[in-house]
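Reader: I'm new to this one, so could you walk me through it with a few questions and answers?
Author: Happy to. Have a look at the structure first, and then ask away.

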Amino acid sequence: MPALPLDEAGKYVAGAYLVFLTLILVYVAIMGAKISRIEREVTELLELEEEGGRSPTAQDGLEARPSPRDAGLQAPRT
Amino acid sequence: MYSKGFKPLAVATVLSILAAFALVFFYAPNDADQGFIQKIFYVHVPMAIVALFGFVAGGIMAIKHLRTGDRSWDMRSYVAIHLSIILGTAVLVTGAIWAKASWGHWWVWDEPVLVSFLIVFLLYCVYYPLRFSIEDPERQARYSSVFAIAAGAFVPINFTAVRLAESVTHPRVLSQTGGSLPGDMRLTFLVSLLAMTLLFVTLWKLELTSKHASAQLKRLRGRLELRAEEQGAATPARSPV
């Protein structure tokens, strides 16, 4: 078969490279969604852990010691 | 654990992909026979080679799993096969596009290279239902490893058989005489192959890191829930007066 002219061959070449790029982009997007779900779960677990750590001290009437995370979350200095 | 050295690897991957694209479109000459359509070669063939090596690597990692009993090798094997199937899908689609432009048909059934790749691809498609139909994690990992080893051994056998078969239309790229690519085309091809290999390793590490983090989170959640239950049991409930 003779070589296709550039305008016609260009469509096929662009199509092939687009398939490759689309697959990679879709894959990276799925991985991004998974990583943001993991981040959300970490935040959730951290909150759960803080709640679990606070409840016994509150019952005993003791002052809860701030965790390093709480200490870092103080009101911003103006 | 798996994220060590990820950042330089990702940077190297992006740079090599950009270099490969630049070489493909601004350096490598048009093929004398096929013209501009031959540019598909630089994405189609490296993907096929990396996908086939990924399948074999999955089998080797599965051997490591069965020898050591370490489930992390099963996970490595699973991710390698998973990525190879994604690349395999792209190989079939880009190959069909090239075939349509070059031969006038999307698919040629009497061509050994095409059909053998499709057989390997379909064989590995069976891996998912096999793996996820087993609930017990230990059995799942063991059976999946056995499959990965058997299928991984099939890939080089299949490749050799295809090399021995007479080609009808599909060209032979990696010949024993060193190939018939001119120097500038060969350089472009090698850079594309390197870029594809780096992309595979980067995505493999990315998915493994994500899976590892997910598994650790699950363990942590389990421990916290257990601790919350223990605290709940230890605190005496006050009866209403």
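## Two chains, their contacts and their pairs

Author: Let's begin with one side chain. B:Lys211 has a relative accessible area of 24%, so it is partly exposed. Keep in mind as we go that this is a predicted model.

Reader: Which residue does the side chain of B:Lys211 meet in a salt bridge?
Author: Stay within helix α7 of chain B, because the partner lies in that helix as well, four residues away, or about one turn. The gap from N to O is 3.9 Å, and the cut-off for a salt bridge is 4 Å. The partner is B:Glu207.

Reader: Is B:Glu207 buried or exposed?
Author: Its relative accessible area is 2%. Anything under 20% counts as buried, so B:Glu207 is buried.

Reader: How many salt bridges does the structure hold over all chains?
Author: The pair of B:Lys211 and B:Glu207 is one of them. Another joins B:Asp74 to B:Arg131, with 2.8 Å from N to O. Over all chains, the total is five.

Reader: How far apart in the chain are B:Asp74 and B:Arg131?
Author: B:Asp74 sits in helix α3 of chain B and B:Arg131 in helix α5 of chain B, so this pair links distant parts of the chain. Both ends are buried, with B:Asp74 at 2% relative accessibility and B:Arg131 at 3%. In sequence, the separation is 57 residues.

Reader: And B:Glu138 with B:Arg71, which parts of chain B does that pair tie together?
Author: Their side chains meet in a salt bridge of 3.6 Å, N to O. Both residues are partly exposed, B:Glu138 with a relative accessible area of 43% and B:Arg71 at 37%. The two lie 67 residues apart in sequence, and the parts they tie together are helix α6 (residues 137–164) and helix α3.

Reader: Let's turn to the rings. How many aromatic pairs are there over all chains?
Author: One example is B:Phe41 with B:Trp98, which are 6.4 Å apart centre to centre. B:Phe41 is in helix α2 of chain B and B:Trp98 in helix α3, 57 residues apart. Both are buried, B:Phe41 with a relative accessible area of 6% and B:Trp98 at 12%. Counting over all chains gives 15 aromatic pairs.

Reader: What kind of pair do B:Tyr78 and B:Tyr128 form?
Author: Their ring centres are 6.5 Å apart. The planes stand at 90°, and over 60 degrees is the cut-off that matters here. So the pair is edge-to-face.

Reader: Which helices hold B:Tyr78 and B:Tyr128?
Author: The two tyrosines are 50 residues apart in sequence. B:Tyr78 is buried at 8% relative accessibility, while B:Tyr128 is partly exposed at 21%. B:Tyr78 lies in helix α3 of chain B, and B:Tyr128 in helix α5 (residues 127–132).

Reader: Which residues form one aromatic cluster with B:Tyr78 and B:Tyr128?
Author: Phenylalanines and tyrosines of chain B make up this cluster. Besides the two you name, the members are B:Phe55, B:Tyr124, B:Tyr127, B:Phe132 and B:Phe147.

Reader: Now for the two chains together. What area is buried between chain B and chain A?
Author: On the contact side, 41 residues of chain B touch 33 residues of chain A. Carbon and sulfur atoms give 76% of the buried area. That area is about 3200 Å².

Reader: Which three residues supply more of the area that chain B buries against chain A than any other three?
Author: Together they give 19% of what chain B buries there. They are B:Phe36, B:Leu217 and B:Arg221.

Reader: Which residues form the salt bridge across the interface of chain B and chain A?
Author: The rule finds one salt bridge there, and three residue pairs are in polar contact between the chains. In the salt bridge, N and O are 3.1 Å apart. The residues are A:Glu44 and B:Arg221.

Reader: Which element gives the largest share of the side of chain B that touches chain A?
Author: Elements giving two or more residues are α1, α2, α3 and α7 of chain B. By class, that side has 24 nonpolar, 10 polar and seven charged residues. The largest share is 15 residues, and it comes from α7(B).

Terms used
Residues numbered from 1 in each chain as written. Chains lettered and ligands numbered in written order. Predicted model: local features only at pLDDT ≥ 70, side-chain atom pairs only at ≥ 80, totals over all residues. Heavy atoms only, no water. Contact = heavy atoms within 4.5 Å. Buried area = accessible area lost by both parts, 1.4 Å probe. Polar contact = N/O pair within 3.5 Å; in protein donor to acceptor, adjacent residues only side chain to side chain. Nonpolar A, V, L, I, M, F, W, Y, C, P; charged D, E, K, R; others polar. Phe/Tyr/Trp six-rings, centres within 6.5 Å; stacked < 30°, edge-to-face > 60°. Buried < 20%, exposed > 50% of the residue type's maximum accessible area, 1.4 Å probe, protein only.
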